[in-house]
Amino acid sequence: MSVTISAAVEGAVDEAVVRKLVAHAGGQTGGVYGKNGKPDLLQKLDGYNNAARHAPWIVLVDLNGDAECAPSILNDWAPAPAPTLCFRIAVREVESWLIADAPTFAKYLSIRPGNLPSEPENLEQPKDTVVNLARRSQRRFIRQDMVPREGSGRRVGPAYASRLIEYIKWHWRPNAAAQRSDSLRRAIACIEKLVTNTRRQETGSEKNP
């Protein structure tokens, strides 16, 4: 039996990560909401939490610089989570979860694996790290797509998100990355538990109408 999970995220890259993690846990992603930045997502969090009282939900948000660690702010943002809400925080940005799978990420960017940081969750600005790694790429299209053009005033290149989504969909290995990312490991465990418990409840309700 397939378990469908709704989700709320900050943006397109986060959506790709959630879809990958849900599939990895044996479920399928339903509607994905938010995708309009962190302030908007947190403002609507109560609504997502209420929806999770009737069906399984995942909410993924970046920690950024809002706290030193995720547990210290988790209760502030979601003090009374519904039983079927999986609310997870990426430390410090979801890019750290991608960097954590060093072999495949280095291969995708066409750089040496040794150039990737060994402790991605200690990075203050993982997104900036990804851009700087892309600068070293031997592939011109990676540099053009992911590195902002001089004078553009942008933090990332024009196809930064598209490239990361491609990597997530076809190359990223969540289990391998979780070995170097505690927040990712916790997210995987939360989603797997959500899928297992929902499947058990639905199967039980079918046997006992």
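Which residue of β2 does Ala8 stand opposite? The partner of Ala8 is Tyr33, and the views below start from that pair. What you see here is a predicted model, in which local features need pLDDT of at least 70, side-chain atom pairs count only at pLDDT 80 or more, and totals for chains, interfaces and linings use all residues. Residues are numbered from 1 along each chain as its sequence is written, and side-chain values use heavy atoms, with hydrogens and water left out.

**View 1. Strands β1 and β2 run parallel, joined by 5 bridges.** Strand β1 covers residues 4–9, and β2 covers residues 28–34. Helices (H or I, at least four residues) and strands (E, at least two) are DSSP runs, numbered from the N terminus. Two strands count as paired if DSSP finds at least two bridges between them. Besides Ala8 and Tyr33, look for Val9, which stands opposite Gly34 in β2. Strand β1 is mostly covered, with 5 of its 6 residues buried. Buried stands for under 20% relative accessible area, exposed for over 50%, and partly exposed for what lies in between (1.4 Å probe, protein chains only). Just before β1 comes the segment that holds Met1, a partly exposed residue with a relative accessible area of 45%. From C-alpha to C-alpha, Met1 and Pro81 are 25 Å apart in space, and 80 residues separate them in sequence.

**View 2. Four strands make an open sheet in the order β2-β1-β3-β4, with parallel pairing.** Strands β2 and β4 stand at the edges, each with a single partner strand, so one side of each has no neighbour in the sheet. On average, neighbouring strands of this sheet are turned by 20° against each other, direction ignored. As background, strands of a sheet pair through backbone hydrogen bonds, either parallel or antiparallel.

**View 3. Helices α1 and α4 both touch the sheet.** Helix α1 (residues 12–24) lies across β1, β2 and β3 and runs at about 155° to β2. Helix α4 packs on the sheet as well, touching β3 and β4, and its direction makes about 135° with that of β4. For these angles, axes are lines fitted to C-alpha atoms, for helices over the stretch in contact, and values run from 0 to 180 degrees between N-to-C directions. Contact means heavy atoms within 4.5 Å.

**View 4. The axes of α1 and α9 come within 9 Å and cross at roughly 5°.** The two helices α1 and α9 are therefore roughly parallel to each other (angles under 35 degrees count as roughly parallel, over 145 as roughly antiparallel, 65 to 115 as roughly perpendicular and the rest as oblique). On the α1 side, the contact is made by Ala12, Val13, Ala16, Val17 and Lys20. Facing them from α9 are Ala161, Leu164, Ile165, Ile168 and Lys169. By class, this contact has 8 nonpolar, no polar and 2 charged residues. Here Ala, Val, Leu, Ile, Met, Phe, Trp, Tyr, Cys and Pro count as nonpolar, Asp, Glu, Lys and Arg as charged, and the others, Gly among them, as polar.

**View 5. Glu68 and Arg92 form a salt bridge, with their closest N and O atoms 3.8 Å apart.** The pair links distant parts of the chain, 24 residues apart: Glu68 sits in the loop between β3 (57–62) and α4 (70–77), and Arg92 in the loop between β4 (85–90) and α5 (95–99). A salt bridge is a side-chain nitrogen of Lys or Arg within 4 Å of a carboxyl oxygen of Asp or Glu. Glu68 is exposed at a relative accessible area of 71%, whereas Arg92 is buried at 6%. By this rule the count comes to 13 salt bridges.

**View 6. Glu95 and Lys127 meet in a salt bridge of 2.9 Å, N to O.** Glu95 belongs to helix α5 and Lys127 to helix α7 (residues 126–135), and their positions lie 32 residues apart in the chain as the pair links distant parts. Glu95 is buried, with a relative accessible area of 2%.

**View 7. Arg173 and Asp101 join their side chains in a salt bridge of 2.7 Å, N to O.** Arg173 lies in the loop between α9 (160–170) and α10 (174–178) and Asp101 in the loop between α5 and α6 (102–109), so the pair ties together parts that are 72 residues apart in sequence. Arg173 is partly exposed at 39% relative accessibility, while Asp101 is buried at 0%.
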